[in-house]
Amino acid sequence: EEAFVEKLGPNSSPSLWDLELAKEIAVTGHQPPRNGFEEMIQWTKEGKLWEFPINNEAGLEEEQNVEFYEHVFLDKHLENFPKQGPIRHFMELVICGLSKNPYLTVKKKIEHIEWFQNYFQQKEDLLKEYEVYLN
């Protein structure tokens, strides 16, 4: 028993036994929830559940000033792509998919389109060599 009663000096660090004892005390002091309501209260405190009253637009603060049509009509971002050919067709399919995605912000959608634009610009010489890059 005397091993557990040792007092730590101001500069000494706790031993492995001290840490294990502290862990056991923490585990025994923490009681699991007794029912579903207590479990839901604990999850709410941990941020795993919605705060009440429920706000369906929580986390969408940056999208409040963005109009709906900006999410759907993304064709205006195809101006720097070829007017015809397989790349244009591919990008039209990308735009169609992005316009139907409710989980991305307009900013993220535009970043996707710009990534493809940069990619095709980097590969422009190769695409022209294979006669795929048509303007």
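Is Arg34 buried or exposed? Exposed: its relative accessibility is 71%, where buried means under 20% relative accessible area, exposed over 50%, and partly exposed in between (1.4 Å probe, protein chains only). Some notes on the rest follow.

1. **Ground rules.** This is a predicted model, in which local features need pLDDT of at least 70 and side-chain atom pairs count only at pLDDT 80 or more, while totals for chains, interfaces and linings use all residues. Residues are numbered from 1 along each chain as its sequence is written, and side-chain values use heavy atoms, with hydrogens and water left out.

2. **The core.** The largest nonpolar core has 12 residues: Leu74, Leu78, Phe81, Ile87, Met91, Val94, Ile95, Leu98, Ile113, Phe116, Phe120 and Leu127. By nonpolar core I mean a set of buried Ala, Val, Leu, Ile, Met, Phe, Trp, Tyr and Cys residues joined through side-chain atoms within 4.5 Å. Helix H5 (86–99) and helix H6 (106–122) each put in at least two residues of this core, and H5 gives the most, with 5 residues. Helices here are DSSP runs (H or I, at least four residues), as are strands (E, at least two), numbered from the N terminus.

3. **Leu74 as a way in.** If you want one core residue to click on, try Leu74, which is a member of that set of 12. Leaving aside neighbours within four places in sequence, Leu74 is in contact (heavy atoms within 4.5 Å) with Ile95, Leu98, Ser99, Lys109 and Ile113. Of these partners, Ile95, Leu98 and Ile113 are also listed in the core.

4. **Aromatic pairs.** There are 6 aromatic pairs in the structure. The criterion: rings of Phe, Tyr and Trp (its six-membered ring) pair if their centres lie within 6.5 Å, with planes under 30 degrees apart counted as stacked, over 60 as edge-to-face and the rest as tilted. Take Phe90 and Phe120: their ring centres are 6.1 Å apart and their planes sit at 85 degrees, so this pair is edge-to-face. Phe90 belongs to helix H5 and Phe120 to helix H6, so the pair ties together parts that are 30 residues apart in sequence. Phe90 is partly exposed at 34% relative accessible area, whereas Phe120 is buried at 11%.

5. **A stacked pair on H6.** Trp115 and Tyr119 have ring centres 5.5 Å apart and planes at 10 degrees, so they count as stacked. They are 4 residues apart in helix H6, which means about one helical turn separates them. Trp115 is exposed, at 52% relative accessible area, and Tyr119 is partly exposed at 35%. Phe90, Trp115, Phe116, Tyr119 and Phe120 form one aromatic cluster.

6. **Two buried polar side chains.** Gln117 is in helix H6 and counts as buried, at 15% relative accessibility. Not counting residues up to four places away in sequence, Gln117 touches Asn80 and Phe81. Then there is Thr44 in helix H3, buried at 18%. With neighbours within four places in sequence set aside, the contacts of Thr44 are Leu49, Trp50 and Glu51.

7. **Surface patch.** Trp50, which turned up above as a contact of Thr44, also helps make a nonpolar surface patch of about 370 Å² together with Phe52 and Ile54. Patches are made of residues with over 30% relative accessible area and no salt bridge, like charges being joined within 9 Å and nonpolar side chains (Val, Leu, Ile, Met, Phe, Trp, Tyr) within 5 Å. The areas come from the Shrake-Rupley method with a 1.4 Å probe, and for residues only the protein chains shown count as cover. Ile54 sits in the loop between helix H3 (36–45) and helix H4 (68–72).

8. **Salt bridges.** The structure has 5 salt bridges, each being a side-chain nitrogen of Lys or Arg within 4 Å of a carboxyl oxygen of Asp or Glu. Back to Arg34: its partner is Glu38, with the closest N and O atoms 2.6 Å apart, and Glu38 is partly exposed at 26%. Glu46 and Lys48 make another, at 3.2 Å from N to O; Glu46 is partly exposed at 44% and Lys48 is exposed at 58%.

9. **A bridge within H7.** Glu124 and Lys128 also form a salt bridge, at 3.1 Å from N to O. Being 4 residues apart in helix H7 (residues 124–129), they are separated by about one helical turn. Both ends are partly exposed, Glu124 at 23% and Lys128 at 45%.
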